[in-house]
Amino acid sequence: MSNDEPSVNAPLLQLSGISKSFGGTRALESVELALYAGSITALVGENGAGKSTLVKILTGIHQPDRGRITFCGKSVRIRSPAHAQQLGISVIHQEAVVFDELSVAENIFVTARPRHWGLIDWARMRRDAGRLMERLDCPLDPGLLLRDLSVAQRYLVQIARALSHDARLVIMDEPTAALSHHEAQLLLRIAAGLRDEGRALLFISHRFEDLFAIADRYVVFRDGRNVAEGLMPGTSVDTLIQSMVGRAIARLYPKRSVALGEEILRVQDLSRAEEFAHVSFGVRRGEILGVYGLVGAGRSELMQSVFGLTRAESGSIELDRAQIRPRHPADAIAQHIAYVPEDRQHQGAIPSLSISSNIALASLAQFTRHGWVDGERLTRTVGEWAQRMQVKYANLEQPLSELSGGNQQKVVLAKWLLTAPRVLILDEPTKGIDVGSKAAVHALMGEWVEQGMAIILVSSELPEVLGLSDRVLVMRRGRMAGVLDRTEADAATVLRLASAA
Amino acid sequence: MSSRHNAALALLTAILFVAVAARYPQFASAAGLRDTFDDTSILILLALGQMLVMLTRAIDLSVAASVALTGMCVALINQAMPGVAMPWLVLSAALLGAVLGAVNGLLVWQLQIPPIVVTLGTLAIYRGATYLVSGGRWVNSGDMSPVFLSLVRERWGGLTLLSWLAIAGVLLTACLLRYSAAGRSLYAAGNNPEAARYVGVDVGRAQCLAFVFNGVLAGLCGYLWVARYAVAYTGIASGFELTVIAACVIGGVSIAGGSGTVLGVLLGCLFLGVIKNALPLLAVSPFWQMAVSGAVIVTAAVLNAAGVRAPQRQRILEN
């Protein structure tokens, strides 16, 4: 029995030489990681550093291509999420994996409902659930339905689920991103409590304040490798940021020098309850304004209000010094504002429709006479645009879903270019597309600003923002953290503004 | 929410009932009540099965065609071999129903075809098969053995076997959904398929299970229908799938899966049963019956929509 137990100093979980590729891209490269019982390890890294791939390997959603996982001193292969749970590894996902129509008690015990004579023992389930929630300082009625709970409470229910199968390793993925300050404090206390019970915690977060408050150790990931690690006490935010960013970011991006014209769009003191407050910025002809922030900083929400998808409650939006009030995207489109959303599959494009339908979608009125679409003219114009954007396709009538991510994105861009935008808002325009298409999109952006367009580039990718932008607006938790000129915007400064307390 | 829904529905049914009983006291007599319940029993059994399917975010349009095919088959067997004992006949009806349900379930599970498409197809196939096995002929009461016809009318404690079966179905389904892991997994699978996968529930398997259970009930109802109406022909129960789905929707079963109660479904069936049996007494035309149940569906949908909150947007700002 005691032989099974690892000695005090041996890691509970050890990864050695873990590699994972998807198609041609390396997500993880010879990763080494050790997690210890009774200790909280902070995992930090930029977006795309490989953190989520690591989590998916630890929960059995992906299998590593190479490398070894040792858990409790034994070499293991984690086959499925259910198997991870049996082993004692629990992940609490950023977006709560819960059932809205089921009760708190059932959500906690959904994998292992207590039984009596083969029948579900509801009384015991409620009792145990109540006890678990009390341990978390959150004495909710176990009979409440999940849909009536707040984001923070839903997260706590997931923690209770992890506790219910007595997880020895608890992975928390951005647990405080969606929580208020007060709720985050409560969560950090709970995390510390779990550590004190002797569990190992892997705490993934962009919020340095939280990490410094509770983590014992840190590991930094960059480009799919672990590049630095150490003890949290004695390290500084600067050291961490330095490791995350690594080299000074080379200006890989061909930045064209364009003479800036007059200001086209001005957003003044814009606020919307619970999403963003007092945001002001302007963008000029020929300018690329980068907007940087951590996930959940309110960047997309801000842009959705500028585009009329949601309504700001106070503040003003001016186009050519005249106030506009977009109540609906159609208003914004009529004013020549275009918005390319982040989620291409659900918001940006209609994958089952043809390439030509997708391109024509936002400007059908151009091709319509007496209510009927002039198919010939549409096909001609659409074909011209597809070529100008260098879309690789077999024919214009094939469904968009058959194209690669990069080519899909070019189609989406063509759609908006066809509306002749003066202000083009791009929300994560190069997310999930290949390097070649990425370069093409960047080059096109350069052309457009040369022609006098104003571009707002929302991106989580620091090199992209720094490389392409004339100015960078940094947001933090729904508020402006600063506006930096191209000359003063370096990675460390931007990251610090985006994440500092 | 669901308990409020059920209370409103019960109240509505009661008002309707009292209004009719005030003019036609015989409707509220013990015999009248028993007749109405007997007449609603098949609907109850089918709605219970449909509910399980709907809980998993699926739907079964082929249920009435399954009733027709199994009903026709047992009627033909009874006509050809009157000596076959009733238990065997009922069992074979249930088994045939299970097979028909399994065809739906496997297509949905293994080939991942949307349930509405699968069952739209099997609706036509099962209905066509009913024509094929019978050659379009009718099996009349004279062709059926006396015990085949009388079994459903057998009374214990005043209630027919048919009524007792409906009661047993309600209790069994309620227990299954409340106290078995399989039953609970139907709710989980329909409520959030993505999350269900994370906690080890196979959504396709849950859907297939619901289809098979539904098929067993449909098969059973095939015999009950033919015996009760004492005739079997190709068009049996034609269009009845819509009444079954209507009973579920009125009873508060979500078309989006994951929510619905046995009590709600029972009330939904009783509501439709009272309408069907009471309105003719008031000389209200069958078209008005349809209009009333339609109006109730739309009203319930509007009330539910008003109760649902706007999709949650993430809270970013702090106060």
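Me: How many residues does chain B put into its contact with chain A?
Reply: This is a predicted model, and in it the contact draws 27 residues from chain A. On the side of chain B that touches chain A, the split is nine nonpolar, six polar and four charged. The count for chain B is 19 residues.

Me: Which helix gives the largest share of the side of chain B that touches chain A?
Reply: Both α9 (181-191) and α10 (193-198) of chain B supply at least two residues each to that side. The largest share is five residues, and the helix behind it is α9(B).

Me: Is helix α13 of chain B largely enclosed or left open by the rest of the structure?
Reply: α13(B) covers residues 262-278, 17 residues in all. From first C-alpha to last it reaches 24 Å, close to the 24 Å expected at 1.5 Å a residue. Of its 17 residues, 14 are buried, so α13(B) is largely enclosed.

Me: Which helix gives the most to the largest nonpolar core?
Reply: That core holds 249 residues, and those touching the most other members are F203(A), I425(A), I456(A), V494(A) and A47(B). The top helical contribution is 18 residues, and it comes from residues 203-229 of chain B, helix α11.

Me: Which residues does V494(A) contact once its neighbours within four places in sequence are left aside?
Reply: V494(A) is one of the core residues that touch the most other members. With those sequence neighbours set aside, its contacts are Y292(A), L462(A), V472(A), V474(A), L484(A) and A489(A).

Me: Which strands are at the edges of the six-stranded open sheet in chain A?
Reply: The order is β6-β9-β10-β3-β11-β12, with mixed pairing. Neighbouring strands are turned by 20 degrees against each other on average, direction ignored. An edge strand here pairs on one side only, and that fits β6 (89-92) and β12 (225-231) of chain A.

Me: Which residue of β12(A) stands opposite V219(A)?
Reply: Strand β11 of chain A, residues 217-222, runs antiparallel to β12(A), and six bridges join the two. V219(A) stands opposite E229(A).

Me: At about what angle does helix α6 of chain A run to β10(A)?
Reply: Two helices lie across strands of this sheet. Helix α5 (151-164) of chain A crosses β6 and β9 (169-173), running at about 180 degrees to β6(A). Helix α6 (181-196) of chain A lies across β3 (39-44), β9 and β10 (200-204), and its angle to β10(A) is about 150 degrees.

Me: Why do β14 and β17 of chain A each have one side without a neighbour in the sheet?
Reply: Their sheet is open, with antiparallel pairing and the order β14-β13-β16-β17 in chain A. Its neighbouring strands are turned by 25 degrees against each other on average, direction ignored. β14 and β17 (322-324) of chain A stand at the edges, so each has a single partner strand.

Me: Which residue of β17(A) stands opposite E318(A)?
Reply: β16 of chain A, residues 314-319, is joined to β17(A) by three bridges, and the two run antiparallel. E318(A) stands opposite Q323(A).

Me: At about what angle does helix α9 of chain A run to β13(A)?
Reply: This helix, residues 299-306, lies across β13, β14 and β16 of chain A. Its angle to β13(A) is about 115 degrees.

Me: Is H278(A) buried, partly exposed or exposed?
Reply: H278(A) lies in strand β14 of chain A and has a positive phi of about 50 degrees although it is not a glycine. There are 13 other C-beta atoms within 10 Å, so H278(A) is partly exposed.

Methods: Residues numbered from 1 in each chain as written. Chains lettered and ligands numbered in written order. Predicted model: local features only at pLDDT ≥ 70, side-chain atom pairs only at ≥ 80, totals over all residues. Helix = DSSP H or I, 4+ residues; strand = E, 2+ residues; numbered from the N terminus. Buried ≥ 20, exposed ≤ 12 C-beta atoms within 10 Å, placed from the backbone. Pairing = 2+ DSSP bridges. Axes fitted to C-alpha atoms, helices over the stretch in contact; angles between N-to-C directions. Contact = placed C-beta atoms within 7 Å. Nonpolar A, V, L, I, M, F, W, Y, C, P; charged D, E, K, R; others polar. Expected span 1.5 Å × (residues − 1). Core = buried A, V, L, I, M, F, W, Y, C linked by C-beta atoms within 7 Å.
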